[in-house]
Amino acid sequence: MSVESDSLQIALDNIQECYEALVDRAQLLVDGYWHEWRERNKQIFNSGLKPGEANYVNTGRLAPRLKKSKITHRVYLEWLDWKKTTYRKYQNPRSGVQIKPNKRDGYTWTTISKKANAWEKILFDKYEPLFKELRKALAVMADQISMLKKTIKLLS
């Protein structure tokens, strides 16, 4: 190996460590969202109200997840619709339906509100700005990692 490829390998290792730290931070945020979301759903369920009653509120449907691609090894932060349907009874209960983001703006409340309940807007507004920053940082770092790997391969 040459001096250039050795220095690029050191840079690659540093960027990969930073990438893993960002993934851990994203996982903590997702876990925080899930904790708040579950608590709210428990409150709704334990209220004892039945559908059709005056103050009845539907349980939550909207929650994020981290998706790790097996091919590219990138991490994606996406929103899912976890609505219970008769069809999903026969599927994996841990699978939700991915909500597609806007091409220009990403995830916005107007795209999400079609699938979410009104009380979930508070959680969405709290977490989505943080998720948006992490998405950008993860994408940039993943691009740098792939470019450094290609460059090291060329120099070797």
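Two strands count as paired if DSSP finds at least two bridges between them. With that in mind, start at the sheet of this predicted model.

**Stop 1: the sheet.** Select residues 75–81, which make up strand β2; two bridges join β2 to β3, and these strands run antiparallel. At the end of that selection, Asp-81 stands opposite Val-97 in β3. Now add the rest of the sheet: three strands form an open sheet in the order β1-β2-β3, with antiparallel pairing. Its edge strands are β1 (62–68) and β3 (97–98), each of which pairs on one side only.

**Stop 2: the helices on the sheet.** Select residues 3–46, helix α1, which packs on the sheet and touches β1 and β2. The direction of α1 makes about 155° with that of β1. Next select residues 120–155, helix α3, which lies across β1 and β2 and runs at about 155° to β2.

**Stop 3: after α3.** Ser-156 is found in the segment that follows α3. Is Ser-156 buried or exposed? Ser-156 has 62% relative accessibility, and the cut-off for exposed is over 50%, so Ser-156 counts as exposed. Show Glu-4 as well: Ser-156 and Glu-4 are 152 residues apart in sequence, while their C-alpha atoms are 9.6 Å apart in space.

**Stop 4: the aromatic rings.** The structure holds eight aromatic pairs. One of them is Tyr-33 with Tyr-127, an edge-to-face pair at 5.3 Å centre to centre with 80° between the planes. Tyr-33 lies in helix α1 and Tyr-127 in helix α3, so this pair ties together parts that are 94 residues apart in sequence. Both Tyr-33 and Tyr-127 are buried.

Move to Trp-79 and Phe-124. Their ring centres are 5.2 Å apart and their planes are at 50°, so the pair is tilted. Which parts does it tie together? Trp-79 lies in strand β2 and Phe-124 in helix α3, so the pair links parts that are 45 residues apart in sequence. Trp-79 is buried, with a relative accessible area of 0%; Phe-124 is also buried, at 4%.

To see these rings together, select Tyr-33, Trp-79, Trp-109, Phe-124, Tyr-127 and Phe-131, which form one aromatic cluster.

**Stop 5: a charge over a ring.** Finish with Arg-40 and Trp-119. The charged end of Arg-40 sits over the ring of Trp-119, 5.1 Å from the centre of that ring.

Technical notes: Residues numbered from 1 in each chain as written. Predicted model: local features only at pLDDT ≥ 70, side-chain atom pairs only at ≥ 80, totals over all residues. Heavy atoms only, no water. Helix = DSSP H or I, 4+ residues; strand = E, 2+ residues; numbered from the N terminus. Contact = heavy atoms within 4.5 Å. Axes fitted to C-alpha atoms, helices over the stretch in contact; angles between N-to-C directions. Buried < 20%, exposed > 50% of the residue type's maximum accessible area, 1.4 Å probe, protein only. Phe/Tyr/Trp six-rings, centres within 6.5 Å; stacked < 30°, edge-to-face > 60°. Lys NZ or Arg CZ within 6 Å of the ring centre and 35° of its normal.
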